[in-house]
Amino acid sequence: ASLPRSCLRMKNKIKFATWSFAFVLFTNLYYFYLIDRIEVKLSGIEAKDIALGLAVLWGAFYWIRMIKLPNPRFRFRFWMLLFLAMVLLSSLQSYWLYGQSIFRGIAPQRWVFIWALVYFPLRKCIYHNKIELKDIMRILVVFGVIQLVLFTLQFFLGDGVLLLHVGRGIRNGRTRYYYNPIFLDFLLLLSLDGIVKGDRLRKILYGFLAGWVLFEVMMVQQFRATTCGLIVCLGLFMIIMIQQAKHKLVYCIIGCIALIFLISTPVVQSAVKQVVTNSFDAGMRIRSVGRQVYMQALKQHPVLGGGYPSTYHEQAMQAVTGGNPAVYLVDNGVFALVYLYGGIGLVWIVTLWGKLIQNGNQIRKRSSEAAYFLFPLFCMVVLTNEIHWYWDYGFVFFAIFLCTEEKKMDMLDIKSELIYFNKWMSSAGSRLRKIYEKRNEIQN
């Protein structure tokens, strides 16, 4: 029997929403670094701003299209609205402190501002199954694999062939590439769940994928804090999941061997040596200079911080660098966030992360999926040096992460309601049976 036309139309709408979002996501992930997002222009508009324009159009289109549908429970509405207010307040603070124009304070924050707004229509789309959860998770995995292929290919091609438009540096005598690793970090955590829950073939594939991500982070990008954070998550995952595994001893041995191997790698040993001997390299020393600048600004302006500086405003840049051009906000993790948004930003991140860990723990307990529990813990481990979920296209992923987590919470809530309803029906049936039996006794 053929499907009704209304069902076919709905199926086509869902498919279009999914594919259109995938395209918007591709553009907002810096086009996978395949083009120079600044130099490439269309009618004078930079490619990165075209990507943001597409995100705005997509969000507005689906918000208007679904305007008559009931709104879902936006579990993170408070934090997203507060974040939008923080963007505006940081721009005003820069105006009050340095005379920097408000527009110049907002402009460099347009990625986080727009995707904090896109969170709302995206959440509604996923809630009403315009984009199904399984489809968006597939998009995340596929895009993560594509990034892995491209980043690894560039690594082996070396400086002779520049396939991707990305910043480069030198560490341990080798070229390193400054991609945003946030997608790959989450892909590793998803792979760990796949190893435990999949069949034999999937275990092998997800195991290979997890190893590939670690290779990319340690060898291609050489992120020390990210590597250490992922190793901590591997250890936590092993502790959590061994309790549920059938072959506990086998998983324990494999996990211990993997952890020992990863800890012995040069990237991790370099980080451990610096911490133990207190002999930090130039990169770590300059970070400490930046943190002193940021903490001094927070002391002077505890509520709003130092405001968001524009690279086009000399006085604002002088304040954020402390006069040292080697100091960068992106290198100083949560300290930079506190400088930009002050005490309000600190309260925002502490309360939001508490909510994420609480939700993730519920998902872990009720569905045996650890990724949504481990990801906020991973971010906490690396937050002193890195907040990749904020910089570059990190907030694009972060908005998607929040929406998918909420959908999983919706599904768990429905499951709980069904369990409660079945128990109630069973209890009601038992009471009716007892009443019927008692009535028969009285009649007899």
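Guide: Strands are DSSP runs of E with at least two residues, while helices are runs of H or I with at least four, both numbered from the N terminus. This is a predicted model, in which local features need pLDDT of at least 70 and side-chain atom pairs count only at pLDDT 80 or more, whereas totals for chains, interfaces and linings use all residues. Residues are numbered from 1 along each chain as its sequence is written, and side-chain values use heavy atoms, with hydrogens and water left out. The chain holds 16 helices and four strands.

Visitor: What are the two faces of strand 3?

Guide: In strand 3 (residues 168-171), Gly169 and Arg171 make up the covered face, while Arg168 and Ile170 make up the uncovered one.

Visitor: How do you know that strand 3 pairs with strand 4?

Guide: Two strands pair if DSSP finds at least two bridges between them; four bridges join strand 3 to strand 4 (residues 174-177), so these antiparallel strands count as paired. Arg168 stands opposite Tyr177 in strand 4. In their hairpin, which has two residues between the strands, Asn172 takes a positive phi near 55 degrees.

Visitor: Why is Val381 called partly exposed?

Guide: Buried means under 20% relative accessible area and exposed means over 50%, with partly exposed in between (1.4 Å probe, protein chains only); Val381 has 39%, and is therefore partly exposed. Val381 lies in helix 15 (residues 371-382).

Visitor: How much of the chain counts as buried?

Guide: Of its 444 residues, 48% count as buried.
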